Amino acid sequence: MPSDRSLQSPVRRVVGLFYACLTLGGPVSTAWSDDARPNIVFIMADDLGYGHVGCYGQSEIQTPNIDRLAAEGMRFTNYYAGSTVCAPSRCVLMTGLHTGHCYIRGNSEQHLRPGDSTIAEMLKQARYATGQFGKWGLGGENTAGLPTMQGFDEFYGYLDQSHAHNYFPTFLIDGRERVNLNNVVPDEGEFGEGLATERNEYSHDLIFAEAVQFILDHQEQPFFLYLSFTIPHANNEAGDQGMEIPSYGAYADRDWPDPQKGLAAMISRLDSDVGQILDLLKALEMDERTIVFFTSDNGPHREGGTDPEFFDSNGELRGIKRDLYEGGIRVPMIVRWPGHIEAGSTTDHIAYHGDFFATATELAGARSLPGLDSISFAPILLGTGEQVEHEYLYWEFLEGAPKQAVRHGDWKAIRFFGEQPRVEVYNLADDPSEANDLSASMPDVAASLTEMMDAAHLPAGNWPSAIDEALD
C-alpha cells in the first residue's frame, strides 16, 4: 500500500501552492535578511548529451526553457563532467576532487566515508538550507554516505543508481526512510531495480514536486538546491522499452522508433520542469538572488533501445557514455543569474564538475578546503577579476579495461590499458571530433601528457586496477 505521504499527491499540492501564490496577486512572503549571498540551484540531468538541447545544436527535440536559460545567462562550450558514468561524476561534483583523487571512481556499491567533505557541508556551515532531490549514487541505506550524513538537510529520491533505473519503483527514499509508492514491480531487485507492471506514480514528477516545495519552504534564507533528475537515463532492466515515460506527448505521432519518442519526451519533460523552476523564482521575486546551473552527469547513452546518432546526441563530438572521448565527458553547462551574469553570453573557459565546489563556496562566502582539484569560475561568470586556469583536467575510468584522459589547453590525450595499450593524442582546437590521432607525429606531446596522467592518479585501495599495476 502507498504511504500517507504518497497519497498526498505532492504534484497537486505543490502546483496548488504555486498557483495560489500567483492568484493572490503577488508572491508569498520573501522576507529575507540583507544577506546578499545568492541561492544556488544546481540542476543536473542524467545522460543528457552535448547535442541534446537546442542551444547546443539540437533541432528535433524541443527545449525552449533550457534555451531560454542560455539566452538569459552564460553558455559554456568547453565544460566537462566529472566522469563518463554516474557515480564518479557525482563524487567529483560533491567533493571537488577529480577521479584520480576522489574515493568513488566507478559505478559500484562504494559509499562516501565519514571523513569525506562535500560542498553541501560547506554551504550548510555557511547557514545555507541544503536539499537534494533525485539521484544520489554516493551512499546506500544505513551507511555514512547518505545525503543527510553528507551535508544535506533534506533528501528525496534514489540512493542507489540501479534503483534509479526504474521510473515506477515501489519506493523512494525520504531523508533516511523508505516511502512506499503505488506501483508494482514483480521481480524487484535487491536495491529496488526492476520493471513495473502496474504504473501509477512516476518518480520524476514526485521528485520535482518535492524540489519545488523545498524552494517554497526556504524563501527566507539562502538555500542550496541540488536537483539531480534521472531523466533521460534508461531503465536498463526494461531492455528496448527502457525509455519509461507516461506519455510521448508532442512526439507521439512522429514517425520515429518508440525509444526515440521516449527519449525526446523525457528531455522535453525535463525542459518543462526547468521552465517551471524559472517561473517560480520569478513569481517569488527571487530571480536576482538565485544563481541557476544546468548540466549533465556524462554524455548520451545507447540504452533502452536508443541510438545516439538518431538525434545527433553528442553533436560533432566523438563517443558516448563510458568513453573518454569528448562525447562521453563534454556536457552542456548553462549558468543564469539576472543582473550579475551577462545575458546571452558564451565562454570557452575550460572547466568541469569539480570546479563547482570552489565556485559555490566563493559565491556563498563559505569556507573552502585546501588540496582540492577545484578552481572557481566565478570571475568568468561575473566578469570580475582574473580567471585562473587549470594546468590540466584529468579523468580515469576503471570499469572493464581501464583508461585515462587529460586535457591540457587544446591538447587531449587518452591512454588505454588492456589488450591493446596505447596513448592517443588530439588537438581539440583543430580537431574537436578527435578524428586524427597525432601520437605518432607528436611524440614529445604524447610523453608530456602521459606524465600528467601519471602524476594525476593516486592509487585507491578500493579500486585496484590495471592503472595501478602499470604505474608501479
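**Helix α7**

At 1.5 Å a residue, helix α7, whose 26 residues run from 258 to 283, should span 38 Å; the C-alpha atoms at its ends lie 37 Å apart, in agreement with that expectation. These values come from a predicted model.

Of the 26 residues of α7, 20 are buried, so the helix is largely enclosed by the rest of the structure. After α7 comes Glu285, which has a positive phi near 55 degrees.

**Aromatic pairs**

A pair of aromatic rings is described by the distance of the centres and the angle of the planes. Searching the whole structure yields 25 aromatic pairs. One of them joins Tyr80 and Trp395: the ring centres are 5.0 Å apart and the planes meet at 55 degrees, so this pair is tilted. Tyr80 belongs to strand β3 (residues 79-80) and Trp395 to strand β13 (residues 393-397), so the pair links distant parts of the chain, 315 residues apart. Tyr80 is buried, with a relative accessible area of 0%, and Trp395 is likewise buried at 0% relative accessibility.

Phe293 and Phe377 form an edge-to-face pair, because their planes are at 70 degrees, with the centres 6.4 Å apart. Phe293 lies in strand β9 (residues 290-296), while Phe377 lies in the loop between α9 (355-364) and α10 (378-382); the pair therefore ties together parts 84 residues apart in sequence. Phe293 counts as buried at 1% relative accessibility, and Phe377 counts as buried at 0%.

**Ring cluster and charged contacts**

Phe293 and Phe377 also belong to a cluster linked by ring pairs, whose members include Phe42, Trp136 and Tyr226.

Two arginines have their charged ends over rings: that of Arg75 sits 4.9 Å from the centre of the Tyr56 ring, and that of Arg178 sits 3.9 Å from the centre of the Phe171 ring.

Methods. Residues numbered from 1 in each chain as written. Predicted model: local features only at pLDDT ≥ 70, side-chain atom pairs only at ≥ 80, totals over all residues. Heavy atoms only, no water. Helix = DSSP H or I, 4+ residues; strand = E, 2+ residues; numbered from the N terminus. Expected span 1.5 Å × (residues − 1). Buried < 20%, exposed > 50% of the residue type's maximum accessible area, 1.4 Å probe, protein only. Phe/Tyr/Trp six-rings, centres within 6.5 Å; stacked < 30°, edge-to-face > 60°. Lys NZ or Arg CZ within 6 Å of the ring centre and 35° of its normal.
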